[in-house]
Amino acid sequence: MAINNERPVRNPASPEKESAPTGTVLATTRRAALRRRIRLLVAATITYNVLEAVIALGAGVAASSAALIGFGLDSLVEVASATAVAWQFSARDHERREKTALRVIAISFFALAAYVTFDAIRALTGSGEAEHSTPGLILAALSLLIMPFLSYAQRRAARELGSASALADSKQTLLCTYLSAILLAGLALNSLFGWSWADPIAALAIAAVAVKEGRAAWKGDACCAGCSTTSDE
């Protein structure tokens with residue numbers, strides 16, 4: 001019986017040959033999808049925060065509320081932060097712009113903290129007492145509902161893509177959630193019990209959190225070691 005010693009000819013289109021390139025294509029496609037998702041989330045963040053800033057600043061001036069004005073300024077800071085991320089991801093090689101975007105976010109945090117601290121101290125020293133603000137209460141409650149979901153979506157995309165600036169921006173959005181809760185508590189205490197000091201104290205708490213997040217963004221600590229993993233749990 002004859003023995004066939006010829007080796008089988010490998011099909012160039014076989015799965016073995018295509019597996020590596022296919023994996024590369026999938027990875028590239030996934031990263032492109034994440035970049036598009038981040039751009040959409042950033043656009044939503046900018047749109048909401050512009051509206052939030054207009055309402056908060058208007059209500060804050062009308063009620064002489066340092067906390068409401070601080071909250072409105074934080075909305076503008078979030079717009080600046082999100083705009084920096086949008087600028088970064090408008091480039092194909094977005095990693096090269098990451099450090100600049102982080103610095104813009106950090107400076108925005110520090111500017112917010114400086115103004116809010118000044119205005120809160122002014123209010124505590126008797127330069128003005130905050131009045132009841134129905135628009136402020138509604139805005140704080142609404143932001144408390146919306147911001148956590150937006151921040152979560154940003155954080156997941158940023159961690160999977162491994163972007164420190166996008167993650168820092170998600171923390172800025174999450175900060176807006178905390179600020180909404182602080183603002184709501186301060187406005188409610190002032191409205192229910194006439195505790196006018198609760199408003200500037202709430203504003204000082206906003207400033208403290210802003211300084212902490214600004215320092216983290218400046219040092220580039222916004223992204224943890226495992227931020228490139230797909231899991232966010």
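Here are some short exercises on the structure above, each with a worked solution.

Keep in mind that this is a predicted model, where local features need pLDDT of at least 70, side-chain atom pairs count only at pLDDT 80 or more, and totals for chains, interfaces and linings use all residues. Residues are numbered from 1 along each chain as its sequence is written, and side-chain values use heavy atoms, with hydrogens and water left out.

**Exercise 1: The overall fold**

Work out how many helices and strands the chain has.

Solution. Start with the terms: helices (H or I, at least four residues) and strands (E, at least two) are DSSP runs, numbered from the N terminus. Counting them gives 6 helices and 0 strands. Walk along the sequence and you read α-α-α-α-α-α. Next, look at what touches what, where contact means heavy atoms within 4.5 Å. Of the contacts with a separation of 6 or more, 80% are between residues 24 or more positions apart.

**Exercise 2: Checking helix lengths**

Find out how the spans of α2 and α5 compare with the expected values.

Solution. The recipe for the expected span is 1.5 Å times one less than the number of residues. Helix α2 (residues 66-88) has 23 residues, so it should span 33 Å, and its end C-alpha atoms are indeed 33 Å apart. For the 30 residues of α5 the recipe says 44 Å, and the ends are 43 Å apart, which agrees. Just past the end of α5, Gly194 takes a positive phi of about 70°.

**Exercise 3: Buried or exposed?**

Sort Phe193, Arg30, Ala43 and Arg35 into buried, partly exposed or exposed.

Solution. Here are the cut-offs: buried is under 20% relative accessible area, exposed is over 50%, and partly exposed is in between (1.4 Å probe, protein chains only).

- Phe193 has 51%, so it is exposed.
- Arg30 has 33%, so it is partly exposed.
- Ala43 has 37%, so it is partly exposed too.
- Arg35 has 18%, so it is buried.

Now zoom out: buried residues make up 42% of the 233 residues in the chain. Helix α2 is mostly covered, with 17 of its 23 residues buried.

**Exercise 4: Hunting for a salt bridge**

Locate the salt bridge in the structure and say which parts of the chain it links.

Solution. You're looking for a side-chain nitrogen of Lys or Arg within 4 Å of a carboxyl oxygen of Asp or Glu. Searching the whole structure turns up 1 salt bridge. Its partners are Glu160 and Arg30, at 2.7 Å from N to O. Glu160 sits in helix α4 (residues 134-161) and Arg30 in helix α1 (residues 15-63), so the pair links distant parts of the chain, 130 residues apart. Why might such a pair form? Side chains of opposite charge can pair when their charged atoms come close.

**Exercise 5: A charged residue without a partner**

Explore what surrounds Asp169.

Solution. First, place Asp169: it belongs to helix α5. Then check for a partner, counting Lys and Arg as positive and Asp and Glu as negative, with His and the chain ends not counted. Asp169 is buried yet has no salt bridge, and Arg155, the nearest side chain of opposite charge, is 11 Å away. Finally, list its contacts: leaving aside neighbours within four places in sequence, they include Val42, Glu78 and Gln154.
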